[in-house]
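Visitor: Please take a close look at the backbone turns of this chain, at one loop to begin with and then at the hairpins.

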Amino acid sequence: MILEGSAYHLSSLNGSNDLILRVLWCSEDGSKIIVMNTTNSEHMEFPYILDSEELISDLQQEKAFKLNHEPDQQIMYPTDEYISKHVESRDSKWDLIKDIVQMEPEIYDPKVRWQLIKNVMEKYKVKENIIYDALKRYWFYGKNMNGLLNNYHDCGSKGEEREYNNRPGRKGPNIYQLTESDISNFQDAVSKYIIEGRLNIRDAHQQLLENYYKKPGYRLRGVLVPIIVESEAPSERQFRYWYNKEYPFKTRKAHKVGRRNAEKDFRALLSSNSVFVEGPGALYQIDSTPSDVDVVAIDGRTTIGRPTTFIVKDVFARKVVGYSSSLKHPSWIEGAMMALENAAANKVEYCKKFNVDINEEDWPAANLPREIVADRGEMKSKYPNGIVTLGIRVANTPSYRPELKAVVEQHFRIKNDMIKRILGKAGAISKVKRDPGDPDPSDTAAITFDTFNRIMIEHILAFNKMSLPREFLVTPEMFKENVELTPNALWEWGKKRMLLHERPTSTIHYALLPKETAKVTRFGIEFKKLCYSCEIGEEKGWFDCESIEGSSRITVAFDSRNCSQILIQLKDASLIYCRLTPKYQEYENLCYEDVKAIFEFRNEQYKDNSNSNKQTKAEFNAISSNLIKEDVKKTKVENLGKSKSEKRSEKRAKRVNEAMKRSSQSALTAVAKGSDHHESRAPQTVVVNKIELSNNMNDFLKNKYENMRKEMGSV
């Protein structure tokens with residue numbers, strides 16, 4: 001299916017005349033499309049009509065393929081700073097063409113277009129080349145108003161090789177160089193210790209060193225202990241980096257928590273938009289309300305309050321296309337953003353998170369709207385500004401005017417009626433304000449938050465299959481084609497009008513998520529005291545020179561509920577996901593508030609223990625200094641008047657005597673002086689002439705040692 005907004009690459013035989021075509025408009029029957037050659041931005045051409053069968057044939061013969069990325073994203077989705085610099089020029093051009101570009105498909109007819117342009121020339125007193133240039137740029141960049149911005153992205157010497165007198169980047173110490181044998185050992189270690197043994201990466205690295213890089217060991221208490229030389233083996237960081245690069249995150253999670261739990265944490269996200277014509281995806285309404293039920297924690301007894309539910313409905317089909325629930329107060333991140341993300345997500349993968357198995361046709365909604373209507377709540381903050389870059393117009397209703405979004409407001413009544421009907425004895429709230437003597441809903445609360453979400457999914461699936469209300473206005477076209485009056489049937493019928501178009505998933509994430517500034521260091525991209533990196537950055541040496549494309553500070557998109565990764569945009573408009581560096585892997589899947597609390601706890605501990613540490617060091621220094629002074633004083637007295645030769649002549653004999661004495665004192669059968677305690681298993685020793693015997697034995701050993709030296713010297 002060819003959709004508006006998509007781009008296609010047409011290959012030639014020699015590759016020198018390849019084309020990039022962007023679809024601007026599709027006829028209702030899909031037989032004709034209006035395309036524009038967007039190969040060269042310096043020579044923009046006018047759009048022209050094309051049979052869709054020709055493009056479909058090229059796709060089937062693999063002469064053409066669909067682009068999965070936006071080739072002109074840098075001008076279509078610029079930064080807020082770039083827009084603020086050139087917004088006046090953009091808006092002045094948009095005022096010239098905003099009325100005529102919506103006259104589709106007439107505007108694509110050269111004769112009609114000329115008449116429309118003449119009217120604009122007379123109204124605004126401008127030359128025709130200015131209007132032509134604005135029209136071409138608007139179409140060239142996918143009917144995006146940002147296409148009218150001044151394009152300074154290609155200025156400068158981008159792509160040219162630079163000459164350096166000195167090697168760029170910091171000089172670091174040499175590290176162990178991995179070999180093919182090391183990679184083979186890594187694979188064995190992952191199989192044995194991580195997958196089978198369920199060890200974490202640190203313990204798996206320890207087992208790797210002990211079993212693959214050990215040296216001949218020593219015996220300790222009857223056990224042979226291997227010797228580990230860290231400098232002659234891969235480090236834990238190298239092993240962790242290889243593991244993170246070799247195994248996808250989903251597989252690594254499966255190694256830790258099992259495949260079933262890992263499957264629940266991921267789902268595919270699809271994105272699409274609509275045009276100005278009425279139909280599915282043309283207009284969404286979004287709002288939130290507390291659900292009329294108290295839920296309990298996973299312990300089954302602690303009441304944790306009422307979930308806040310966001311609902312997204314399509315006005316044309318009255319279909320619920322997305323929702324989200326949260327136990328926190330309504331906000332952009334906790335509610336509206338998640339509901340819009342859910343509206344563009346694959347519902348099969350989403351439902352699997354709650355153990356609800358559905359087919360694609362049970363909930364076929366994975367689109368973003370052309371326009372969205374909301375109240376003056378979460379959508380009035382600074383975060384939804386990124387929605388404009390996705391081609392979505394946001395309209396906020398005035399205060400106390402819920403009837404302006406009656407489609408979604410009506411569904412809250414339907415949802416709460418359902419909750420009161422099926423959860424009447426399981427925590428349902430029948431009254432907003434209880435009178436004295438009324439039962440407390442929290443006393444009967446029984447369902448968990450996960451169960452509530454499963455009930456909401458089943459409710460939405462049932463609602464989308466049920467008949468529309470009697471007051472729904474049936475159009476003559478619906479009557480002629482005998483359309484079944486259900487949200488699902490209307491959605492499928494309206495999709496035939498070719499109103500849907502697509503956007504890359506990463507583009508949706510970057511537009512929806514809040515953004516802040518981060519610093520590039522040799523430890524990674526430092527953001528909120530955490531460090532992030534990516535494979536591309538390590539290959540290009542971002543962290544060696546502590547800058548990304550010449551800048552040490554960059555804008556990152558992040559989700560405050562999970563610190564596992566951030567999203568950055570390069571100068572060529574490519575979007576890169578960056579993950580936590582190995583040092584901070586322990587904080588994976590934590591929210592930034594939890595990470596902040598952990599760092600504050602660490603700082604408090606260091607501060608509280610500072611004085612204790614200094615006092616402990618002072619005790620050690622005092623005792624050590626006193627012991628050293630006593631031995632130094634004693635040594636000076638003993639060596640007084642002795643020459644160096646005399647000191648050396650007594651060295652060997654004293655060493656033998658001292659070793660024998662210390663060995664005797666350390667024996668297991670030794671008895672402390674002055675002690676009356678004796679082990680029953682050790683016989684008492686009768687000491688006869690102990691001092692004399694000891695002196696004779698010392699003399700005997702001394703003479704024997706001197707005779708051995710003389711014999712060796714004579715040899």
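**Loops and hairpins**

Guide: P105 sits in the loop that runs between α3 (80–97) and α4 (110–124); helices (H or I, at least four residues) and strands (E, at least two) are DSSP runs numbered from the N terminus. The model is predicted, so local features need pLDDT of at least 70 and side-chain atom pairs pLDDT 80 or more, while totals for chains, interfaces and linings use all residues. Residues count from 1 along each chain as its sequence is written, and side-chain values use heavy atoms, without hydrogens and water.

The peptide bond that joins E104 and P105 is cis, with omega at about 5°. Past α4 comes another loop, between α4 and α5 (128–140), and K125 lies in this loop. K125 is not a glycine, yet its phi is positive, at about 60°. K125 counts as exposed because its relative accessible area is 71% (buried is under 20%, exposed over 50%, partly exposed in between; 1.4 Å probe, protein chains only).

A positive phi at a residue that is not a glycine turns up again at R318, where the angle is about 55°. R318 belongs to the loop between β12 and β13. This loop is the turn of a hairpin with four residues between the strands, and R318 is the residue there with the positive phi. With a relative accessibility of 26%, R318 is classed as partly exposed. The two strands of the hairpin are β12 (residues 308–314) and β13, which pair in the antiparallel sense over seven bridges; pairing requires at least two DSSP bridges. One of the facing pairs consists of I311 and its bridge partner Y323 in β13. Strand β13 covers residues 319–326, and eight of its eight residues are buried. The turn residue R318 is thus partly exposed, whereas the strand that follows is mostly covered.

Further along the chain, strand β21 takes part in two hairpins, one with β20 and one with β22. Strand β21 spans residues 562–569 and is mostly covered, with six of its eight residues buried. On one side, β20 (residues 553–559) runs antiparallel to β21 and is joined to it by three bridges. In that pairing, A557 stands opposite L567 of β21. The hairpin connection from β20 to β21 is made through two residues.

On its other side, β21 is joined by five bridges to β22 (residues 575–580), again in an antiparallel arrangement. Here I566 has C578 of β22 as its bridge partner. The hairpin of β21 and β22 has five residues between the strands, and within it A573 takes a positive phi near 75°.

What follows β22? A loop leads from β22 to α21, and K583 lies in it. K583 counts as exposed because its relative accessibility is 67%. Helix α21 itself spans residues 592–638 and contains D594. D594 is partly exposed, since its relative accessible area is 39%.

One strand residue away from these hairpins can be set beside them: I227 lies in β7 (residues 223–228). I227 is partly exposed, since its relative accessible area is 32%.
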